[in-house]
Amino acid sequence: MITGQLKSKIDKLWEEFWTGGITNPLTVIEQITFLMYARLLDMNDISDEKKALRTKQTFKPRFNADQQNIRWQNLKHIESADLLLTTIRDQLFPYFKSSAADNGNSLFAEFMKDAQLMVQKPSLLVKAVTMVDELPLDKGDTKGDLYEYLLSKLTTAGINGQFRTPRHIIRAMVELLDPVATDRICDPACGTAGFLSVAYEFMLQKYSSPAGTFTEKNINDKGEKETQTFYTGDLLGKHRKHVDTDMFHGFDFDATMLRIAAMNLVMHGVADPDIHYQDTLSQRFTENHPRAANEGFDIVLANPPFKGSLDEGDVAPELLRMVKTKKTELLFVALILRMLRIGGRAAVIVPDGVLFGSSNAHQQLREELIERNQLEAIISLPSGVFKPYAGVSTAIIVFTKGGCTERVLFYDLAADGFSLDDKRTPINANDLPDAVSQWRAYQKLVANNASSKAIAKRFGDKTQKAFVVDKADIASQKYDLSINRYKQVVYQEESYAAPKDILRELKKLEEDILNDLCELEGML
């Protein structure tokens, strides 16, 4: 957990950039990311050096003999501010680019080609290096929270409808899907990788037990049983290679976001996440990432852009065959369906228009979700959830690829634990825990093959926050998924006095007022 002292250091570092003339939050985070990356490179090199001494094995150093001056342990001791600036600008950043070019599979290979030092003031760079050196990057449980705190300072929305999804909303969506250690998880519009980093945190908590104990596990490998011992404090240990290299996949067409996304996951503890520069709606996505584009993932978590410019000629034909439109919110849902394997699940934030839009494309997509897949839940979010970025009304849709929908669980979420104005201050009212709890109760009934009568008994009251609607009822409404279409509002009958009685009371009040005024006049 990040402490108040550490927050103060980040705030001070942020203020230094601001007063130094760098005011764009994305640029500030990007520049801090570069410095963190430089320090992490040196930390990893030092770790490998110590390991090599212990094991008497050789390793390939990250820095050649003539590059030792750009290692963090040497950079931070440069006393001249001007020399520090020229060394980082003219040697360290070219090293980033050359190392990316030499190793096309490295984490930052796709994103370091255009890396630039935006700090122009030597004094600012000295302060930034000093402060980054004081950050606890050697503590895995702290550095992830540290980077999340940095990202929380993003207070502007992008021009293409990009804005940061609140962390507590992401957490609820991850809990709805409840991923397991063998899943492949993707966000096709990952931004800063908020969904992926929260999913990793969820996995750490799910696969952890009291530290300090050991347990024997029987593992059936190719029909042969063998006994292994695992440290129960980290039950992800036996899946670590998958977690580090193949569990988390993110795509975006903003190189700055991708640099931040990659660093975000690394800071949380994922060694080599699969983060790529790619417009996932384009035909090139299919050509460059055929496995990812076609049934490649077990879970997709996303809050894709709701608007933005789109070249229809560049959109993958497979998506246009599913839903012919230029609207990105519809195309992304179609894309996610294509990216999921059969039986794969998704939780996606969409604007309300997707749920009740009357165009052919809207109806076509909803029919696809219901008739040829399993649309499982619609969780209606209050319109202030994304303030101050946007006031648009949204919902979370949960679906599984393949099969056919029998019924849909609706949940009317009225509060998320924060005020719905631009300040978004914490409040007591919060429906998110109940929404997850109701979802789990519904899923348990479905998993136990409960009868329609039993499900209706538990979730049939449409006046409650959580209720189910049968597929036939939805189909009869042109697949309208607006919660207001099905939710029943109970109106309480109000009784009023007769108009003559009300007038009589008013006249009596007027008389009392006049008498009081006359009494006051007499006293004067």
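Two strands count as paired if DSSP finds at least two bridges between them. With that in place, good morning, and thank you for the opportunity to present this structure. Please bear in mind throughout that the model is predicted.

I begin with the sheet. It is an open sheet of nine strands, with mixed pairing. Reading across, the order is S5-S4-S1-S6-S7-S9-S8-S10-S13. Which strands form the edges? They are S5, residues 274–277, and S13, residues 466–470, each of which pairs on one side only. On average, and ignoring direction, neighbouring strands of this sheet are turned by 15 degrees against each other.

Let us now follow some of the pairings. At one edge, S5 runs parallel to S4, residues 248–252, and four bridges join the two. Within this pair, Asp252 stands opposite Tyr277 of S5. Further along, S6 and S7 are also joined, by five bridges in the parallel sense. Here Ile299 lies opposite Arg345 in S7. On passing from S7 to S9, one finds an antiparallel pairing with seven bridges. There, Ala346 faces Phe399 in S9.

Helices lie against these strands. Helix H18, residues 452–459, lies across S10, residues 407–412, and S13. The angle between H18 and S13 is about 140 degrees.

I turn next to the start of the chain. Helix H1 covers residues 4–19 and helix H2 covers residues 25–55. Their axes come within 11 Å and cross at roughly 115 degrees. The crossing is right-handed. Which residues of H1 meet H2? They are Leu13, Trp14 and Phe17, and their partners in H2 are Pro25, Val28, Ile29, Gln31 and Ile32. Sorted by character, the residues of this contact comprise seven nonpolar, one polar and no charged.

Finally, the cysteines. A disulfide is a covalent bond between the sulfur atoms of two cysteines. How many disulfides does the model contain? The count comes to zero. Cys186 illustrates the point: the nearest cysteine sulfur belongs to Cys190 and is 8.3 Å away, whereas a disulfide requires the sulfur atoms to be within 2.5 Å. Is Cys186 buried or exposed? Cys186 counts as buried, because its relative accessibility is 0%. Cys518, with a relative accessible area of 42%, is partly exposed.

To close, I would return to two features: the open sheet of nine strands with mixed pairing, and the right-handed crossing of H1 and H2. Thank you for your attention.

Technical notes:
Residues are numbered from 1 along each chain as its sequence is written. This is a predicted model: local features need pLDDT of at least 70, side-chain atom pairs count only at pLDDT 80 or more; totals for chains, interfaces and linings use all residues. Side-chain values use heavy atoms; hydrogens and water are left out. Axes are lines fitted to C-alpha atoms, for helices over the stretch in contact, and angles run from 0 to 180 degrees between N-to-C directions. A crossing is left-handed if the near helix is turned anticlockwise from the far one by less than a right angle, and right-handed if clockwise. Contact means heavy atoms within 4.5 Å. Ala, Val, Leu, Ile, Met, Phe, Trp, Tyr, Cys and Pro count as nonpolar, Asp, Glu, Lys and Arg as charged, and the others, Gly among them, as polar. Buried means under 20% relative accessible area, exposed over 50%, partly exposed in between (1.4 Å probe, protein chains only).
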